[in-house]
Amino acid sequence: MLKDPRPGRVKTRLGRDIGMTAAAWWFRHQSATLLRRLDNPRWQLILALAPDTSVLTSRRWPTHLTRVPQGRGDLGERMARQLRVLPGPTCIIGADIPGITPKHIVQAFNALGTHDAVFGPAPDGGFWLVGMKHRPKPMLFKNVRWSTPHALADSIATIPDARIATVATLSDVDTATDLARF
């Protein structure tokens, strides 16, 4: 899932630390690097873009990759929509996690062989990856406290009967302190 890297529209917490233009520049280059790293014949890489108009107008993303709109709603509604409409099994990642490698994606899809869902935890209580073997029920991601230490636990609670696996814990970049680690 990607946002068009416009200053003031993407990585705004990072932008408060380093400037909105610098944050958008970082996100654009981080995303491009990640897409090159993960473009692999073992899976279909699909770009779920926001705003929805960027599906048609953005020239920032590789033209050979399928693009779909994220649609309206909060993060949970947009992720749940992608998990419902894309062919399964499906894994969703964010683009602001510099440490993602193809090995992590392989591990997530392998986990879906014996589990209903997979999460890639983040140290801050969120997650960098969510994957589902089958289309989720409508309650997926309802009442999740996003951008809090409860995001992962709240998300798991929305699929109470699912067999859940986890893969590596990876960090995202939200602040200048996070950026300095990478």
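A nonpolar core is a set of buried Ala, Val, Leu, Ile, Met, Phe, Trp, Tyr and Cys residues joined through side-chain atoms within 4.5 Å. The exercises below concern a predicted model.

**Exercise 1. The nonpolar cores**

Determine how many residues the largest nonpolar core has, and which element gives the largest share of this core.

*Solution.*
Step 1. The largest nonpolar core has 32 residues. Leu2, Ile93, Ile100, Val118 and Trp128 have the most contacts inside this core.
Step 2. At least two residues of this core come from each of H2, E2, H5 and E6.
Step 3. H2 supplies the largest share, seven residues.
Step 4. A second, separate core has 18 residues, among them Val68, Ile92, Met132 and Leu140.
As general background, nonpolar side chains in soluble globular proteins tend to be buried together.

**Exercise 2. Leu2 and the sheet**

State the strand order of the open sheet, and identify the bridge partner of Leu2 in E2.

*Solution.*
Step 1. The open sheet consists of three strands in the order E1-E2-E3, and their pairing is parallel.
Step 2. E1 and strand E3 (66–69) are the edge strands, each of which pairs on one side only.
Step 3. Two bridges join E1 and E2 in the parallel sense. The bridge partner of Leu2 in E2 is Leu49.
Step 4. Leaving aside residues up to four places away in sequence, Leu2 touches residues that include Phe27, Leu35, Leu47, Leu49 and Trp61. Leu2 is also one of the residues with the most contacts inside the largest nonpolar core.

**Exercise 3. The largest pocket**

Describe the volume of the largest pocket, and classify the residues of its lining.

*Solution.*
Step 1. The volume of the largest pocket is about 960 Å³.
Step 2. Its lining comprises 35 residues, and Lys11, Leu75, Asp96, Asp172 and Asp174 are the closest to the centre.
Step 3. The lining divides into 19 nonpolar, seven polar and nine charged residues.
Step 4. Elements that each supply at least two lining residues include helix H1 (12–18) and helix H4 (75–85). E6 gives the most, with four residues.

**Exercise 4. The second largest pocket**

Find which residues lie nearest the centre of the second largest pocket, and state how its lining divides by class.

*Solution.*
Step 1. This pocket has a volume of about 570 Å³.
Step 2. Among the 28 residues that line the second largest pocket, Trp43, Gln44, Leu45, Ile46 and Cys91 lie nearest its centre.
Step 3. Helix H2 (20–38), strand E2 (46–50), E4 and helix H5 (102–111) give two or more residues each to this lining.
Step 4. The lining has 21 nonpolar residues, six polar residues and one charged residue.

Conventions
Residues are numbered from 1 along each chain as its sequence is written. This is a predicted model: local features need pLDDT of at least 70, side-chain atom pairs count only at pLDDT 80 or more; totals for chains, interfaces and linings use all residues. Side-chain values use heavy atoms; hydrogens and water are left out. On a 1 Å grid over the protein atoms alone, a cavity is a set of points where a 1.4 Å probe fits but cannot get out, and a pocket is an open set with protein on both sides within 12 Å along at least five of seven lines; lining residues have an atom within 4 Å of a point. Grid points are joined across faces, edges and corners, and a volume is the space filled by probe spheres set on the points. Ala, Val, Leu, Ile, Met, Phe, Trp, Tyr, Cys and Pro count as nonpolar, Asp, Glu, Lys and Arg as charged, and the others, Gly among them, as polar. Buried means under 20% relative accessible area, exposed over 50%, partly exposed in between (1.4 Å probe, protein chains only). Contact means heavy atoms within 4.5 Å. Two strands pair if DSSP finds at least two bridges between them.
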